[in-house]
Amino acid sequence: SNAARVKVYVDDARSTPEGFLRAYWPFQTYDALIEGRVDTLSLDHDLGDDDHGTGYDCLLRVEALARKVRPPKEIIIHSANPGARKRMELAIESIRRIEQQTEYSS
């Protein structure tokens, strides 16, 4: 589509890198993910209130969409939580497997 491509940084505390849009909660990323506009997704895991979701929840949304919408080209985990990082890495591997098996319309 012609919609602007974006880089999204999901974090509650760190400063936003140059060129990234900031999201504090997973739901703030969903519209851009559904529209397939996210080129780079950089995720913290612990966002300060697990009831509002974690970086892992963003990956679950990407995974759920991955058979219809091409996932972000680059998914970065910048979390310092080692257990969460491992779970997030496994989710990314799953996303990439789905992507390899899927033919996208655009």
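1. Let's start with a strand pairing. In this predicted model, Tyr-9 has Arg-22 as its bridge partner in β2. Tyr-9 itself belongs to strand β1, residues 6–10, while β2 covers residues 21–23. The two strands run parallel and are joined by three bridges. If you have the structure open, find Tyr-9 and keep it in view, as several of the points below return to this residue.

2. Now turn to the other neighbour of β1. Strand β3, residues 38–43, pairs with β1 in the parallel sense, over five bridges. Tyr-9 has a bridge partner here too, namely Ser-42. One place along, Val-10 in β1 is matched with Leu-43 in β3. You can therefore trace Tyr-9 to Arg-22 in β2 and to Ser-42 in β3, given that pairing of strands rests on bridges between them.

3. What is the order of the strands in the whole sheet? The sheet is open, has four strands and reads β2-β1-β3-β4, with parallel pairing. At the edges stand β2 and β4 (74–77); each has a single partner strand, so one side of each lacks a neighbour in the sheet. Ignoring direction, neighbouring strands are turned against each other by 20° on average.

4. The β3 and β4 side of the sheet deserves a look as well. Four bridges join these two strands, which run parallel. Among the facing residues, Thr-40 stands opposite Glu-74 in β4, and Leu-41 stands opposite Ile-75 in β4. Helix α2, residues 55–65, packs on the sheet and touches β1, β3 and β4; the direction of α2 makes about 150° with that of β3. Helix α3 also packs on the sheet, touching β3 and β4, and its direction makes about 170° with that of β4.

5. Are the strands β1 and β3 covered or open? For β1, four of the five residues are buried, so this strand is largely enclosed by the rest of the structure. β3 is mostly covered, with six of its six residues buried. A general point helps when you look at side chains here: in a regular strand they alternate between the two faces of the sheet.

6. Next, the aromatic rings. How many aromatic pairs does a search of the whole structure find? The search finds one. The pair is made by Tyr-9 and Phe-20, whose ring centres are 6.0 Å apart, with 75° between the planes. The arrangement counts as edge-to-face because the angle between the planes is over 60 degrees. The pair links distant parts of the chain: Tyr-9 is in β1, Phe-20 is in the loop between β1 and β2, and they are 11 residues apart. Tyr-9 is buried, at a relative accessible area of 7%. Phe-20 is buried too, at 18%, because the cut-off for buried is under 20%.

7. Ser-42 is a good residue to explore by yourself. This residue lies in strand β3 and, at 5% relative accessibility, counts as buried. Leaving aside neighbours within four places in sequence, Ser-42 is in contact with Val-8, Tyr-9, Val-10, Phe-20, Ile-76 and His-78. Notice that both members of the aromatic pair, Tyr-9 and Phe-20, appear among these contacts. With His-78, the side chain of Ser-42 makes a polar contact of 2.7 Å. Lys-7 is 35 residues away from Ser-42 along the chain, yet their C-alpha atoms are separated by 7.9 Å.

8. Two arginines are placed over tyrosine rings. The charged end of Arg-61 sits over the ring of Tyr-30, 3.8 Å from the ring centre. Arg-87 lies over the face of Tyr-56, at 4.9 Å from the centre of that ring.

9. Two last residues to click on. Trp-25 lies in the loop between β2 and α1 (30–34). Not counting residues up to four places away in sequence, Trp-25 touches Leu-47, Asp-49, His-52 and Gly-53. Glu-99 is found in helix α3, residues 82–101, and its side chain joins that of Arg-96 through a polar contact of 2.9 Å. With residues up to four places away in sequence left out, Glu-99 touches Arg-70, Pro-71 and Tyr-104.

How values were computed: Residues numbered from 1 in each chain as written. Predicted model: local features only at pLDDT ≥ 70, side-chain atom pairs only at ≥ 80, totals over all residues. Heavy atoms only, no water. Phe/Tyr/Trp six-rings, centres within 6.5 Å; stacked < 30°, edge-to-face > 60°. Buried < 20%, exposed > 50% of the residue type's maximum accessible area, 1.4 Å probe, protein only. Lys NZ or Arg CZ within 6 Å of the ring centre and 35° of its normal. Contact = heavy atoms within 4.5 Å. Polar contact = N/O pair within 3.5 Å; in protein donor to acceptor, adjacent residues only side chain to side chain. Axes fitted to C-alpha atoms, helices over the stretch in contact; angles between N-to-C directions.
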